[in-house]
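User: I have a model open and would like to know what lies behind the labels people put on it. Could you take me through the reasoning?

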Amino acid sequence: MGCFFSKRRKTGKDSKPEGEEEKPKQYSWDQREKVDPKDYMFSGLKDETVGRLPGKVAGQQFLIQDCENCNIYIFDHSATITIDDCTNCVIFLGPVKGSVFFRNCRDCKCTLACQQFRVRDCRKMEVFLCCATQPIIESSTNIKFACFQWYYPELAFQFKDAGLSIFNNTWSNIHDFTPVSGELNWSLLPEDSVVQDHIPLPTTDELKAVRISTEASRSIVPVSRGQRQKNSDESCLAVLFAGDYTIANARKLIDEMVGKGFFLVQTKEVSMRAEDAQRVFRDKAPDFLSLLNKGSVIALEFNGDGAVEVCQHIVNETFNGTKMFVSESKETASGDVDSFYNFADIQMGI
């Protein structure tokens, strides 16, 4: 009778030649490409132009520290970026999925896009910003802001990889954690500021290969007026519902309205529920409820005398068959704008 615990005799197929060592097991984490922190850091540089080309950061964290008189360009998306103890530097940062944190920096000029932006213990900075949440400054002085204005072919895909919407930009809605009575630690750059006067294009052959444009009409992020004083008492709200060409339609409507002399004040991309639509669109809500399940809506606020009438005309002539909501009249326009953006800010936690 055989024993239940007896070992199976090894066949020739199972046995190994004498003296041959068994190979160590391979695990998936052993096969990952090793990350060298030095590839994701600029440290201790002086009087240099350096950067990273598209695809070279690919969502990693990045650190910039102790740099002086440098031009730094990161043409890729990243997880988070910290900039410490830098002086007189020009810095461009591609889309950042999380936070960008400046600490103890002086006389720096920057262009960047991120989910969260914070400045602490800094002095004299100029920032062309796209930020999904309210930018924060702390223990800092003479910080000036303008709207992000930049283009290169890979940038739209990098925004998507970083999980950022080009329409969620609160660049001018600054919160100062340490205000000083009678003083303002931050301000907005003049509206006619030329980006290249502040952030020059790279000069090295490697970085010049990135096809950059700083023209407002080509900027990936729509250039908005933000918190600047409005030129007119009349604003118009246009809401585009999710579809195959929503982003393209939003851009075309912006181009048409700006081309006719109106100002883009602010933009938002958010999800809406039925109760949200009822509050914003009121008696028109039933016309749009079936569209809410298709995805987020994009809202645009335009300002200028006659904005409502002109926007309605453009939508009827150019976007015939595309479902949009546009303020019905000058009298209701302000209420439409306020209702939508108050709802949107609550949704986004601003």
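User: What makes residue pairs between domain 1 and domain 2 count as being in polar contact, and how many are there?

Analyst: Happy to help! This is a predicted model. A pair needs N or O atoms within 3.5 Å, one able to donate a hydrogen and the other to accept it. Four residue pairs between domain 1 and domain 2 qualify, with both residues at pLDDT 80 or more. By class, the domain 1 side that touches domain 2 has three nonpolar, three polar and one charged residues.

User: How many salt bridges does the rule find across that interface?

Analyst: Zero. The rule asks for a side-chain nitrogen of Lys or Arg within 4 Å of a carboxyl oxygen of Asp or Glu, so no pair across the interface of domain 1 and domain 2 counts as a salt bridge.

User: How do you know which residues of domain 1 lose the most area to domain 2?

Analyst: The area buried between domain 1 and domain 2 is about 710 Å², with 58% from carbon and sulfur atoms. On the domain 1 side, Ile166, Phe167 and Asn168 lose the most, together 70% of what that side buries.

User: Why are strands S3 and S5 called paired?

Analyst: Pairing takes at least two bridges. S3 (residues 62-65) and S5 (residues 81-84) are joined by four, so they pair, and they run parallel. One of the partnerships is Gln65 with Asp84 in S5.

User: And what makes S5 and S6 a pair?

Analyst: The reasoning carries over: four bridges join S5 to S6 (residues 90-103), so the requirement of at least two is met. These strands run parallel, and Thr82 stands opposite Phe101 in S6.

Conventions. Residues numbered from 1 in each chain as written. Heavy atoms only, no water. Buried area = accessible area lost by both parts, 1.4 Å probe. Polar contact = N/O pair within 3.5 Å; in protein donor to acceptor, adjacent residues only side chain to side chain. Nonpolar A, V, L, I, M, F, W, Y, C, P; charged D, E, K, R; others polar.
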